[in-house]
Amino acid sequence: MRIAVAMSGGVDSSVAAALLQAQGHDVVGITLQQWPREDQEESAQHGGCCSLSAVEDARRVASLLDIPYYCWNLERQFGERVIEPFHREYLEGRTPNPCVRCNAFVRFDLMLRRVLDLGFDRLATGHYARIVDGPNGPELHEGADPAKDQSYMLYHLDRERLARIAFPLGAMTKSEVREHAREFGLPVAAKAESQEICFVPRGETAAYLSKRLPVRSGVVVDAAGREVGTHRGTAMYTVGQRSGFGDLREPGPWYVTRIDATTNRIAVGRREDLATTEVALRDVSFIDPDPQLPIRCTARLRYHARPISATYTHGRLTLDEPFFGAAPGQAAVLYSGTRVLGGGTIAPER
């Protein structure tokens, strides 16, 4: 087949390209240049997955493999579809997952459509997830390596798109991928992992947001509405967080239980106050276009969270056991065994 490989300059996408070429496919490498130009200096400093250094690494691998290589500029679209919503969600008191949006609205939307329009049979990436032929069409399953599984980020994919996507690494562990990289002689074989949010330096989300958003300090209240301290701006916090406050008048630990951006207030409580068994979801989608409700499933309410048995029906997820810190804006992804059923975005309770 003629396959376009999304190459980020890391070991995963590089091995994906090498494996597909070794299998006899006609492979072309493509990197998406998404980094805002005004942040290129910061990009180079911490080496994000679409930084200039990443582009150069991808180009080196493509040259070694002797495959055509292109860099597509989607800076404007990435800004509109990922970065601006990321800022807006934080301003409105939610905690977004930009990697989910990037996969949904850039990589497997804009890029996939362009790849297919150019006559390619598939778009391949280095994601750790598996596409399995099921009785009703392609199914999305967890990757074989539980430590690297990225199916959570891909719940929005439908059967039509799954039929035109390839995940060559889905059945491998990370150590196996690095071993393949060494066997192929790839210059990125020992390259460190890329960070989760490509446009935010690792561990510096608060600093990044404080430079770009109009944040102001406000009041912290307890469950009874009593003022117990101050915060640095609602965009600096997420539900479940237990640090980063100003002076709190009573001993902790305190956890963020609610963020009200409209009134610029943050509510805090003890850990037990974070527990919930009822979660509202918005923008829900399923890989099966006509699921039969209610659905018994397991649910993951954060990327690396332990799955919890649950029942989903009509925008509401009922958990069999409490989850601590369901943050509005995060994805809740529903599974049946290793198969991804679909998911949605956690909504604040009214």
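In strand β11, I266 is the bridge partner of I259, and this pair belongs to a set of five bridges that join β10 to β11 (residues 265–269), the two strands running antiparallel. The model described here is a predicted one.

**The four-stranded sheet**

Strands β10 and β11 take part in an open sheet of four strands, whose order is β9-β8-β11-β10 and whose pairing is mixed. Because β9 (227–231) and β10 (255–260) each have a single partner strand, they stand at the edges of the sheet, and one side of each is left without a neighbour there. From one strand to the next, the twist averages 30°.

**Strand β16 and its partners**

Strand β16 (residues 331–336) has five of its six residues buried, so this strand is largely enclosed by the rest of the structure. It is joined both to β13 and to β17, and the table sets out these pairings beside that of β10 with β11.

| Strand pair | Bridges | Direction | Example of facing residues |
|---|---|---|---|
| β13 (residues 295–300) and β16 | three | antiparallel | A299 and L334 |
| β16 and β17 (residues 339–347) | six | antiparallel | V333 and G343 |
| β10 and β11 (residues 265–269) | five | antiparallel | I259 and I266 |

The connection between β16 and β17 is a hairpin with two residues between the strands, and G337, which lies in the turn, has a positive phi of about 65°.

**Helix α1**

Helix α1 (residues 11–22) has twelve residues, which at 1.5 Å a residue should span 16 Å, and the end C-alpha atoms are indeed 16 Å apart, so the expected and modelled spans agree. The helix is mostly covered, with ten of its twelve residues buried; these are V11, D12, S13, S14, V15, A16, A17, A18, L19 and L20. Just after α1, G24 takes a positive phi of about 100°.

**D57 in helix α3**

Which helix holds D57? The residue is placed in helix α3 (residues 52–65). D57 has a relative accessible area of 14%, and because a residue counts as buried under 20%, D57 is classed as buried. Its side chain makes a polar contact with the side chain of R60, at 3.1 Å. When neighbours within four places in sequence are left aside, D57 is in contact with G9, V188 and K191.

Key:
Residues numbered from 1 in each chain as written. Predicted model: local features only at pLDDT ≥ 70, side-chain atom pairs only at ≥ 80, totals over all residues. Heavy atoms only, no water. Buried < 20%, exposed > 50% of the residue type's maximum accessible area, 1.4 Å probe, protein only. Pairing = 2+ DSSP bridges. Axes fitted to C-alpha atoms, helices over the stretch in contact; angles between N-to-C directions. Polar contact = N/O pair within 3.5 Å; in protein donor to acceptor, adjacent residues only side chain to side chain. Contact = heavy atoms within 4.5 Å. Expected span 1.5 Å × (residues − 1).
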